[in-house]
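Work through the exercises below with the model open beside you. Try each task before reading its solution.

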Amino acid sequence: MTLEERKVIYRARRGLKEIDVYFDPYVKNYYLKADPAEKALFAELVDQEDPDLLDWFMEVSEPPRTELREFIYKLKQYVHG
């Protein structure tokens with residue numbers, strides 16, 4: 001595991017159940033196996049503020065980039081099928 005991967009995993013721990021329910025399974029099951037582009041998307045996502053993340057995951061608003069919206073959809077599919 002690289003230092004950058006460790007940093008992203010650490011930042012992914014939010015302490016908000018509504019976000020952790022999506023981030024935790026991804027980190028445990030997929031993150032280290034993901035390709036570099038997906039790892040970069042996840043790093044970008046975990047750098048966002050919690051209120052924005054909540055709005056995006058709850059579909060109150062949309063992320064500024066289509067790639068982030070699609071990645072959030074993917075995270076939700078991992079949890080909800």
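**Exercise 1.** Find which residues Leu-45 touches, leaving out residues up to four places away in sequence.

*Solution.* This is a predicted model. Contact means heavy atoms within 4.5 Å. Start with the aromatic partners of Leu-45: they include Phe-23, Trp-56, Phe-57 and Phe-71. Then add Leu-53, Leu-68, Ile-72 and Leu-75.

**Exercise 2.** Place Leu-45 within the largest nonpolar core.

*Solution.* The core has 21 residues. Leu-45 is among those that touch the most other members, along with Phe-23, Phe-42, Phe-57 and Leu-75. Next, ask which helices supply this core. At least two residues come from each of α1 (3–12), α2, α3, α4 and α5.

**Exercise 3.** Work out where the buried residues of helix α4 lie around its axis.

*Solution.* Helix α4 spans residues 50–57, and its buried residues are Leu-53, Trp-56 and Phe-57. They cover an arc of only 90 degrees around the axis, so they sit on the same side of α4. The general rule helps here: an α-helix has 3.6 residues a turn, so residues three or four places apart point the same way. Now look for the packing partners. The buried residues of α4 pack against α2 (17–29), α3 (36–46) and α5 (66–80). Last, check what follows the helix. Glu-59 comes after α4, and its phi is positive, near 60 degrees.

**Exercise 4.** Classify the aromatic pair of Phe-23 and Phe-57.

*Solution.* The model has 11 aromatic pairs. In this one, the ring centres are 6.0 Å apart and the planes make an angle of 75 degrees. Planes over 60 degrees apart count as edge-to-face, and the pair is therefore edge-to-face. Phe-23 lies in helix α2 and Phe-57 in helix α4, so the pair ties together parts 34 residues apart in sequence. Phe-23 has 0% relative accessibility, so Phe-23 is buried. Phe-57 is buried too, at 3%.

**Exercise 5.** Classify the pair of Tyr-30 and Tyr-78.

*Solution.* The ring centres are 3.9 Å apart and the planes are at 10 degrees, so the pair is stacked. Tyr-30 lies in the loop between α2 and α3, and Tyr-78 lies in helix α5, so parts 48 residues apart in sequence are tied together. Tyr-30 is partly exposed, at 33% relative accessibility. Tyr-78 is partly exposed, at 30%.

**Exercise 6.** Trace the cluster that ring pairs build.

*Solution.* Begin with the rings already met: Phe-23, Tyr-30, Phe-57 and Tyr-78 are among its members. The cluster also includes Tyr-22, Tyr-26, Tyr-31, Phe-42 and Phe-71. Finish at Tyr-31: the charged end of Lys-39 sits over its ring, 5.6 Å from the centre.

Technical notes. Residues numbered from 1 in each chain as written. Predicted model: local features only at pLDDT ≥ 70, side-chain atom pairs only at ≥ 80, totals over all residues. Heavy atoms only, no water. Buried < 20%, exposed > 50% of the residue type's maximum accessible area, 1.4 Å probe, protein only. Helix = DSSP H or I, 4+ residues; strand = E, 2+ residues; numbered from the N terminus. Arc of directions from axis to C-beta. Core = buried A, V, L, I, M, F, W, Y, C linked by side-chain atoms within 4.5 Å. Phe/Tyr/Trp six-rings, centres within 6.5 Å; stacked < 30°, edge-to-face > 60°. Lys NZ or Arg CZ within 6 Å of the ring centre and 35° of its normal.
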